[in-house]
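Please read the report below alongside the sequence and the coordinates. It begins with one chain as a whole and then turns to helix packing, to the contact between chains and to a few single residues.

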Amino acid sequence: MTLTTTLIAGLVLGGTYALVAMGLTLQYGIARIMNLAYGDMIITAAFAAFVVQALPSMNPLIGLAIVVPGGFVFGYLVYVFLLSPLVKRAPDKATLEVDSILTTFGLLFVIQGVLLVLFGSNYTSYTFLNVPVSIFGTTVAANRLIALVLALTFGLLFYALLTRTRWGTALRAVAVSPQSAQLVGINTDRAAAVAFAMGTALAAAGGTVISMYQTFTATGGVVFTMKALIVVIMGGVGNLLGALTAGLVLGIVETTVSTYVDPGLTLAATYTIFLVVLLWRPEGLFGRRVR
Amino acid sequence: MITAFSFAALAAVFAALAAAPFFLGTYGIGFLLGLVGYVTLASAWALFSGPTRYVSLATVAFFGIGAYTVAVLYETLPSWLVLVVAALIGLFVALLVGLSTLRLAGVYFVIFTFGLAELIRQLVTWYEVNVTGTLGRYLFVDYGPEVVYWKLLALCAVTLAIGYFIKRSRWGLALKMIGDDEVVAEHCGLPTARVKLALFAASSVIITLVGAIQAPRWTYIEPTIVFNPTISFLTLIMALLGGAGRLWGPVVGAVPLFLLFEWLSANFPDHYSIILGLLFIAIVFVLPNGVLGFFEEHWNRLRARGSAGRTELSQDREAG
């Protein structure tokens with residue numbers, strides 16, 4: 001592989017990471033839920049896309065129109081039925097954090113169990129637009145390019161929603177200070193539910209995009225959660241552009257490691273980055289100290 | 001409070017457990033072995049995570065390290081030395097995790113431990129495939145399951161004893177304070193990071209030893225077997241069911257859940273993770289302080305009604 005090929009492959013992967021990390025940063029930054037089942041929501045979406053694209057006269061791109069709203073509804077229901085009672089009961093932030101970690105850890109096993117029953121533990125994939133496209137002097141599969149374009153489109157769309165609309169400003173106010181947000185008439189509970197649902201919708205988009213160019217398995221959720229979490233911390237919790245940048249960086253580093261060192265060491269590379277961030281700038285590369 | 005009588009009763013229980021292999025068949029020994037293993041795991045987990053409320057999701061990472069160390073070294077070193085080596089590796093990893101995360105907010109620790117088992121599994125797989133050229137190892141030892149069981153039982157007793165003495169020492173108070181309010185603890189001059197680190201290391205070494213002692217049970221070991229995330233999950237749910245803040249909580253939680261798990265994995269091998277996951281969520285919702293905390297709360301309330309006036313419900317919510 002040449003350097004350009006590696007770089008493009010890294011950008012494709014990084015774009016996907018950035019996309020899913022944005023969803024997680026919404027959930028943790030605004031809804032204050034540390035969602036350990038996040039990766040399994042991504043995998044669920046990947047399987048959903050797999051099922052949808054197999055239907056007659058369907059393809060994954062149209063599938064997005066089903067899977068992403070589906071993710072939104074699923075996330076909303078999970079928040080309202082599973083997490084909102086915990087939020088209301090928690091006397092302080094630390095208790096909520098522990099409770100949400102435990103609940104979503106339980107949810108992880110439920111989702112994984114359901115996926116295993118439905119689809120088994122084998123690696124799954126489908127072919128979609130696996131045709132070579134020539135770009136910058138190298139050839140890339142068209143599905144990867146589409147994945148990158150989709151990731152960036154979704155990312156920028158959500159960024160614009162959050163920064164340019166009144167509704168997005170309200171969500172960001174909740175992220176900065178839930179108490180003060182209530183004082184100016186923002187319904188924080190609803191904002192949290194919407195943010196959590198939006199986060200799940202982004203996970204669904206990410207899962208669909210991933211399914212277009214990667215194999216996936218029912219038990220692979222942990223790794224995605226881990227990578228999304230590391231990107232979120234690198235970018236600074238609640239910081240969308242930080243997540244975007246950090247996601248691209250992680251994708252490029254991982255692709256470089258798997259091309260030039262060994263594909264079996266990508267998670268080790270991820271952890272090394274995490275370790276460096278923890279020791280050097282735990283508030284994130286682009287974050288301010290807010291906690 | 002444990003009196004001389006309770007000590008005698010406890011000694012009798014352990015003596016009976018130690019004698020059990022002479023009366024039981026292979027299945028019985030295997031069953032007790034698994035049970036004692038999980039009691040030890042849950043107790044060791046609660047040793048650190050109970051009082052400090054730092055949720056560790058890395059149980060199986062240390063368990064797997066222990067088991068794999070034995071699989072690699074059991075032919076070259078005497079068995080006690082293998083255990084020492086396993087403990088040292090566990091200690092090293094625990095210090096690495098602890099030093100990089102325990103001075104930060106608890107959530108970094110959780111995240112780090114969440115992926116740790118997967119990281120170590122991938123590293124071991126990579127090492128086995130690229131350096132030794134084989135994936136999976138056979139493990140034949142010249143002693144039977146009863147020896148494994150006795151070793152585990154001894155480790156279990158030691159773990160409970162450590163838990164008991166920590167609770168009664170200055171360390172126990174320090175830990176409780178860290179769990180209640182870390183900022184206050186720090187202002188009182190407690191070296192919070194060091195206390196947490198030491199306890200996390202102790203807990204991880206015990207978990208590593210459980211893995212190392214249990215390893216011969218498998219005879220064939222490969223990364224996917226010994227780094228199975230279900231082990232982390234079961235340990236956590238057992239400790240939480242009983243009440244992680246109490247000495248006997250994990251024991252109380254481990255026994256029924258182990259029975260349930262045995263039954264589920266025999267009858268619903270494909271569905272047990274769904275059932276356990278739902279059960280786990282239910283426990284977090286209904287019994288946030290565990291069974292023991294629940295009964296203590298209600299007992300206190302009953303007593304409060306009986307002797308109106310001088311009451312204290314201060315023990316409510318002490319564990320969390």
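The paragraphs that follow describe a predicted model.

**Chain B as a whole**

Chain B holds 14 helices and 2 strands, and its C-alpha trace spans about 70 × 50 × 40 Å along the principal axes. The radius of gyration of chain B is 20 Å, which agrees with the value near 20 Å that a compact globule of 320 residues would have. Of the 320 residues in chain B, 46% are buried. When contacts in chain B are restricted to residues at least 6 apart in sequence, 78% of them join residues at least 24 apart.

**Packing within chain B**

Helix H2(B) packs with helix H9 of chain B, residues 192-214, at an angle of about 170°, and the two axes are 9 Å apart. Because angles over 145 degrees count as roughly antiparallel, H2(B) is roughly antiparallel to H9(B). On the side of H2(B), the contact is made by residues including Leu41(B), Ala44(B), Trp45(B) and Phe48(B), while H9(B) contributes, among others, Leu199(B), Phe200(B), Ile206(B) and Val210(B). The residues of this contact between H2(B) and H9(B) divide into 11 nonpolar, 5 polar and 1 charged.

**The contact between chains A and B**

The contact takes 34 residues from chain A and 33 residues from chain B. On the side of chain B that touches chain A, helix H4 (79-101), helix H5 (106-132) and helix H13 (272-286) of chain B each supply at least two residues, and H5(B) gives the most, with 14 residues. The residues on that side of chain B divide into 20 nonpolar, 10 polar and 3 charged.

H5(B) also takes part in a helix pair across the two chains: its axis and that of helix H11 of chain A, residues 266-280, come within 10 Å and cross at roughly 150°. That angle makes H11(A) roughly antiparallel to H5(B), and the crossing of H11(A) and H5(B) is left-handed. Leu267(A), Ala268(A), Tyr271(A) and Leu278(A) of H11(A) make the contact with Tyr108(B), Glu118(B), Leu119(B), Gln122(B) and Leu123(B) of H5(B). The residues of this contact of H11(A) with H5(B) divide into 7 nonpolar, 1 polar and 1 charged.

**Single residues**

Ile111(B) is found in helix H5 of chain B, and this residue is buried because 23 other C-beta atoms lie within 10 Å of its own, where 20 or more are needed for a residue to count as buried. In sequence, Ile111(B) and Val55(B) are 56 residues apart, whereas their C-alpha atoms are 9.6 Å apart in space.

Arg32(A) has a positive phi although it is not a glycine, and phi of Arg53(B) is likewise positive in a residue other than glycine. The table sets out where these arginines are placed and how many C-beta neighbours surround them.

| Residue | Phi | Loop | C-beta neighbours within 10 Å |
|---|---|---|---|
| Arg32(A) | about 60° | between H1 (3-29) and H2 (38-54) of chain A | 22 C-beta atoms |
| Arg53(B) | near 60° | between H2 (26-52) and H3 (59-73) of chain B | 21 C-beta atoms |

With 22 such neighbours Arg32(A) counts as buried, and Arg53(B), with 21 other C-beta atoms inside that radius, is buried as well.

Methods. Residues are numbered from 1 along each chain as its sequence is written. Chains are lettered from A and ligands numbered from 1 in the order in which they are written. This is a predicted model: local features need pLDDT of at least 70, side-chain atom pairs count only at pLDDT 80 or more; totals for chains, interfaces and linings use all residues. Two residues are in contact if their C-beta atoms, placed from the backbone, lie within 7 Å. Helices (H or I, at least four residues) and strands (E, at least two) are DSSP runs, numbered from the N terminus. Ala, Val, Leu, Ile, Met, Phe, Trp, Tyr, Cys and Pro count as nonpolar, Asp, Glu, Lys and Arg as charged, and the others, Gly among them, as polar. A residue is buried if 20 or more other C-beta atoms lie within 10 Å of its own, exposed if 12 or fewer, and partly exposed in between; C-beta atoms are placed from the backbone. The radius of gyration is taken over C-alpha atoms; the globule rule is 2.2 Å times the number of residues to the power 0.38. Axes are lines fitted to C-alpha atoms, for helices over the stretch in contact, and angles run from 0 to 180 degrees between N-to-C directions. Angles under 35 degrees count as roughly parallel, over 145 as roughly antiparallel, 65 to 115 as roughly perpendicular and the rest as oblique. A crossing is left-handed if the near helix is turned anticlockwise from the far one by less than a right angle, and right-handed if clockwise.
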